[in-house]
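Please open the model in a viewer and keep the sequence panel at hand. The tour below proceeds by selection, from the whole chain to individual contacts.

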Amino acid sequence: MRVMLLPVLLLLLGAAPKPMLVPDVSQRSVEIQYSFTGAELLLFGAIIYPDGRPPKHPADIVVVLKGPSQSITMREKQKVAGIWLNATSAHFRSAPSYYAMASSRAIADIVDERTAAIYELGVGKLQLSPSSLNVTDEIERFQAGLVDLRRRSGLYVEAPGTVEITDGVLYRARLPLPARVIVGTYTAETFLIQDGRVLAAAVREIEIHKSGFERFVAMAADDWSILYGFVAIGFALFMGWIAGYAFRRK
């Protein structure tokens, strides 16, 4: 009987309750209008420990805000006979349109390379799923170029050491949303990490959408694409005619 109960006792001992995250964001919905110049999101929450007390060695928090994935082709230009032409290209199937990460410490001090790659902690660990080029050096070069372009556009952001943790229980972080973000569903992922292991994770969704006249134009382009095309061409011709008439009068 004791031999039969031993595995059950070991299982119960190994199934000790783990800490939980209760995250939230300052805005669950962001509207983009013609005057939208960007925004700042506050990601905050609490860590719930089973015994109600934080450990002696405080855990770390990493927050990742990620936008909808895009399929994108990167092209490299080369100068041939004095003319710049498209040469080598690389296609990535799932590049995040936006990526921002904040952490309580530098990622290298929190997790190892393998764990960072599994959870995509850092722009250098993004799984972009290249569908072309078999040469590893070429893939890495194009991936580095994509990351650099989006960094300069404010679409890829890393902010180590900016997550504030109070009393080992409450945390908060601020991440920017640039004016160039696309509409769609964004995910805010929070990770609780201690001794290099992810103890808990939680996700909140944020909807970014257009409003007002911008929303009407976007819906018209999607729902009535042919009519939208004819209207756009007609409007361009009309504006060209107006400009030509005005210059003739002068």
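What percentage of the contacts in the chain with a separation of 6 or more is accounted for by residues 24 or more positions apart? The share is 71%. The model under inspection is predicted.

**The whole chain**

Begin with a cartoon of the full chain, which displays six helices and 12 strands. Colouring by relative accessibility comes next: of the 250 residues in the chain, 32% are buried.

**The nonpolar core**

Select V62, L65, L121, V181, L192 and I206, the residues with the most contacts inside the largest nonpolar core. That core has 55 residues.

Keep L65 and hide the rest of the selection. Leaving aside residues up to four places away in sequence, L65 touches L41, Y98, Y99, A100, L175, L177, Y186, T187, A188 and I206. I206 thus appears twice on this stop, as a contact of L65 and among the core residues named above.

**A long-range pair**

Move to strand β2, residues 29–32, and select I32 within it. Is I32 buried or exposed? Its relative accessible area is 9%, under the 20% limit, and I32 is therefore buried. Add A179 and draw a C-alpha to C-alpha distance: the two residues are 8.4 Å apart in space, although 147 residues separate them in sequence.

**The cavity**

Rolling a probe the size of a water molecule over the atoms shows where empty space is left. For this model, the count comes to one cavity of 30 Å³ or more, and the largest cavity holds about 30 Å³ of space.

To display its surroundings, select P23, D24, V25, L43, F44, Y171, A188, T190 and R204, which line the largest cavity. A188 should be familiar, since L65 touches A188 as well.

Which strand gives the most to this lining? Strand β1 does, with three residues. At least two lining residues come from each of β1 (20–25), β3 (39–48) and β11 (184–194). Colouring the lining by class gives six nonpolar, one polar and two charged residues.

**Salt bridges**

Side chains of opposite charge can pair when their charged atoms come close. The whole structure contains eight salt bridges; three of them are visited here.

- Select E120 and K66. The closest N and O atoms of this salt bridge lie 2.7 Å apart. The pair links distant parts of the chain, 54 residues apart: E120 is in the loop between α3 (113–118) and α4 (136–152), and K66 is in strand β4, residues 60–66. Both E120 and K66 are buried.

- Select K125 and E113, a salt bridge whose closest N and O atoms are 2.2 Å apart. K125 is in the loop between α3 and α4, whereas E113 is in helix α3, 12 residues apart. K125 counts as partly exposed because its relative accessibility is 22%; E113, at 56%, counts as exposed.

- Select R152 and D148, which form a salt bridge with the closest N and O atoms 3.1 Å apart. Both residues lie in helix α4, four residues apart, about one turn of the helix. R152 has 62% relative accessibility and so counts as exposed, while D148, with a relative accessible area of 36%, is partly exposed.

**A final view**

Finish by showing these three salt bridges together. E120 and K66 are buried, whereas R152 is exposed and D148 is partly exposed.

Key: Residues numbered from 1 in each chain as written. Predicted model: local features only at pLDDT ≥ 70, side-chain atom pairs only at ≥ 80, totals over all residues. Heavy atoms only, no water. 1 Å grid on protein atoms, 1.4 Å probe; cavity = no way out; pocket = protein on both sides within 12 Å on 5 of 7 lines; lining within 4 Å. Points joined across faces, edges and corners; volume = space filled by probe spheres on them. Nonpolar A, V, L, I, M, F, W, Y, C, P; charged D, E, K, R; others polar. Salt bridge = Lys/Arg side-chain N within 4 Å of Asp/Glu carboxyl O. Buried < 20%, exposed > 50% of the residue type's maximum accessible area, 1.4 Å probe, protein only. Core = buried A, V, L, I, M, F, W, Y, C linked by side-chain atoms within 4.5 Å. Contact = heavy atoms within 4.5 Å.
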